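Please open the model in your viewer and keep the sequence panel beside it. The tour moves from the whole chain to single residues, with a selection to make at each stop.

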Amino acid sequence: RFLASVDKVISELPKVSGSGREPDKVYISKETDKILNDAEKLAKKNKDEYVSVEHIMLSVIDKPSDKLSGIFKNHGLSKDSFMEKKIINFIN
């Protein structure tokens, strides 16, 4: 149910398409840019060599959108539960 809720939110996000789109160019939102920058800072703070999915997920959990915040609350997902490796309960 958790993944289905997240997939629904993702499917509702705006998409770039059309003839004006440069084929090899990647477009990201301000929110995505902020999450990736925060994840990079977290990796550096933890003296990690690279930004991992864990860093990105912690950044998303730390500053979720309104829709994601609701999903996280409905499924009991928090930084603590994620760090305790209980994330598997949200996926199954």
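Helices here are DSSP runs of H or I with at least four residues, strands are DSSP runs of E with at least two, and both are numbered from the N terminus. This is a predicted model, in which local features need pLDDT of at least 70 and side-chain atom pairs count only at pLDDT 80 or more, while totals for chains, interfaces and linings use all residues. Residues are numbered from 1 along each chain as its sequence is written, and side-chain values use heavy atoms, with hydrogens and water left out.

**The whole chain**

Begin with the protein chain in cartoon view, where you will find six helices and zero strands, and where the C-alpha trace spans about 45 × 35 × 20 Å along its principal axes. Buried residues (under 20% relative accessible area, against over 50% for exposed and in between for partly exposed, with a 1.4 Å probe and protein chains only) make up 22% of the 92 residues.

**The core**

Next, select F2, V6, V9, I35, L58, V60, I61, L68, I71, F72, L77 and F82, the 12 residues of the largest nonpolar core. Such a core is a set of buried Ala, Val, Leu, Ile, Met, Phe, Trp, Tyr and Cys residues joined through side-chain atoms within 4.5 Å. Colour α1 (2–11), α3 (53–62) and α4 (66–74), since each of these helices supplies at least two residues of this core.

**Helix α1**

Which residues of α1 are buried? They are F2, V6 and V9, and seen down the axis of α1 they fall within an arc of 60°, taken from the directions from the helix axis to the C-beta atoms, so they line one face of the helix. An α-helix has 3.6 residues a turn, so residues three or four places apart point the same way. Turn to the other side of α1, and A4, D7 and K8 are exposed there. Now pick V9, which, leaving aside its neighbours within four places in sequence, is in contact (heavy atoms within 4.5 Å) with K67 and I71.

**Helix α4**

Move on to α4 and select its buried residues, L68, I71 and F72. Viewed down the axis of α4, these residues fall within an arc of 100°, so they too line one face of the helix. They pack against α1 and α3, whereas the face turned away from the buried side carries the exposed residues D66, K73 and N74. Stay with N74, which is found in helix α4 and is exposed, with a relative accessible area of 68%. If you draw a distance from the C-alpha atom of N74 to that of S52, 22 residues away along the chain, the separation is 25 Å. Just after α4, select G76, which takes a positive phi of about 70°.

**Helix α3 and the loop before it**

Go back to α3 and select H55, L58, S59, V60 and I61, which are buried in this helix. The buried residues of α3 pack against α2 (30–45), α4 and α5 (79–83), so show those three helices together with it. Finish at K47, whose place is in the loop between α2 and α3. The phi of K47 is near 60°, a positive value in a residue other than glycine, and K47 is exposed, with a relative accessible area of 76%.
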